[in-house]
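Trainee: I would like to go through the reasons behind the labels used for this model, setting each value against its cut-off. Could we take them one at a time?

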Amino acid sequence: MILPIYLYGAEVLRNENKEADLNDKETLLKLIEDMKDTLKVADGCGLAAPQVGVNLRVVIVDGRELTDTYEYLHDFFRVMINPVVLEESEETCEYSEGCLSVPGVYAEVRRPSKIKVEYYDENLRKVVEEFDRFGCRMVQHELSHLEGNLFVDNVSPIRRKMIARKLLAISKGAVQTRYKSKR
């Protein structure tokens, strides 16, 4: 089922996110399938459960459509349940980010270049994985949602001023999306 994506200003994006109950596999797998359907229709590269109104620690990251730019992402698809960042590199890098919850806004964000994450995959197997390059960026962006943070929280003060009017418009519902959305 395609779910609405909550937009900047929606309280659900800032709420605390609880660990998903691994014993309630049926509910969890339904959420994951709905998130996959929603992400596909929205044409994004990642989606966190809070973005679809569910305050659980679940994200999907899909880089497979980005292979024109990042060939190494040809098989990069992850479902991450209850992820925890174990390590972050001191080295950082900057990329332009956008977000389905903040349509039409893009900004440079500095994040660690490498991270190590422990999570459960959609088969409920525990995984420990290291990420770098743009895959690392996508994972960090989605994990930020689980902390109630959006990429626009991490931009420079001058950039924040430059996008303030757009953010206000989004929070008031004065934006159109090509996907089902909600304030």
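Trainee: Which residues is Tyr119 in contact with, once its neighbours within four places in sequence are left aside?

Mentor: In this predicted model, the partners of Tyr119 are Arg78, Val79, Met80, Ile81, Asn82, Pro83, Arg125, Lys126, Val127, Glu129 and Phe131, where contact stands for heavy atoms within 4.5 Å. Tyr119 itself is found in strand E7, which spans residues 115-120.

Trainee: What makes Tyr119 count as buried or exposed?

Mentor: Its relative accessibility is 4%, and buried means under 20%, so Tyr119 counts as buried.

Trainee: Why is the pairing of Tyr119 with Glu129 called a polar contact?

Mentor: The side chains of Tyr119 and Glu129 are joined at 2.6 Å, and the limit for a pair of N or O atoms is 3.5 Å, so the pair qualifies as a polar contact. Glu129 also takes part in a polar contact with the side chain of Arg78, at 2.7 Å.

Trainee: Where is Arg78 found, and what else is it in contact with?

Mentor: Arg78 is in strand E4, residues 77-88. Leaving aside neighbours within four places in sequence, its contacts are with Val59, Ile60, Val61, Tyr119, Glu129 and Phe131.

Trainee: How far from Tyr119 is Asn82, taken between C-alpha atoms, and what is notable about the phi of Asn82?

Mentor: The two C-alpha atoms are separated by 5.6 Å, although Tyr119 and Asn82 are 37 residues apart along the chain. Asn82, which lies in strand E4, has a phi near 50°, a positive value in a residue other than glycine. With a relative accessible area of 7%, set against the limit of 20%, Asn82 is therefore buried.

Trainee: Which label does Arg133 receive, given that its phi is likewise described as near 50°?

Mentor: Arg133 is found in helix H2, residues 133-146, and its relative accessibility is 46%. Exposed requires over 50% and buried under 20%, so Arg133 counts as partly exposed.

Trainee: What makes Glu90 exposed?

Mentor: Glu90 has 80% relative accessibility, and the label needs over 50%, so Glu90 counts as exposed. Glu90 is found in the loop between E4 and strand E5 (92-99), and its C-alpha atom is separated by 35 Å from that of Glu33, 57 residues apart along the chain.

Trainee: How do you know that Cys45 and Cys136 are in no disulfide?

Mentor: A search of the whole structure finds zero disulfides. For Cys45, the nearest cysteine sulfur is that of Cys99, 9.4 Å away, and for Cys136 the nearest is that of Cys93, 6.8 Å away, whereas a disulfide needs two sulfur atoms within 2.5 Å. As for their surroundings, Cys45 is partly exposed, with a relative accessible area of 29%, while Cys136 is buried, at 0%.

Trainee: Why is the pair of Glu147 and Arg57 called a salt bridge?

Mentor: The N to O distance between their side chains is 3.0 Å, and the limit is 4 Å, so the pair meets the criterion for a salt bridge. Glu147 lies in the loop between H2 and helix H3 (157-171) and Arg57 in the loop between strand E2 (46-48) and strand E3 (58-62), so the pair ties together parts that are 90 residues apart in sequence. Arg57 is buried, with a relative accessible area of 15%.

Trainee: What N to O distance is found for Glu94 and Arg110, and which strands do they tie together?

Mentor: The distance is 3.8 Å, which is within the limit of 4 Å. Glu94 lies in strand E5 and Arg110 in strand E6 (residues 102-112), so the pair ties together parts that are 16 residues apart in sequence. Glu94 is partly exposed, with a relative accessible area of 43%, and Arg110 counts as partly exposed at 48%.

Trainee: How many salt bridges does the structure hold, and which residues are joined into one network?

Mentor: The structure holds 15 salt bridges, and those that share partners join Arg14, Asp153 and Arg160 into one network.

Conventions:
Residues numbered from 1 in each chain as written. Predicted model: local features only at pLDDT ≥ 70, side-chain atom pairs only at ≥ 80, totals over all residues. Heavy atoms only, no water. Helix = DSSP H or I, 4+ residues; strand = E, 2+ residues; numbered from the N terminus. Polar contact = N/O pair within 3.5 Å; in protein donor to acceptor, adjacent residues only side chain to side chain. Buried < 20%, exposed > 50% of the residue type's maximum accessible area, 1.4 Å probe, protein only.
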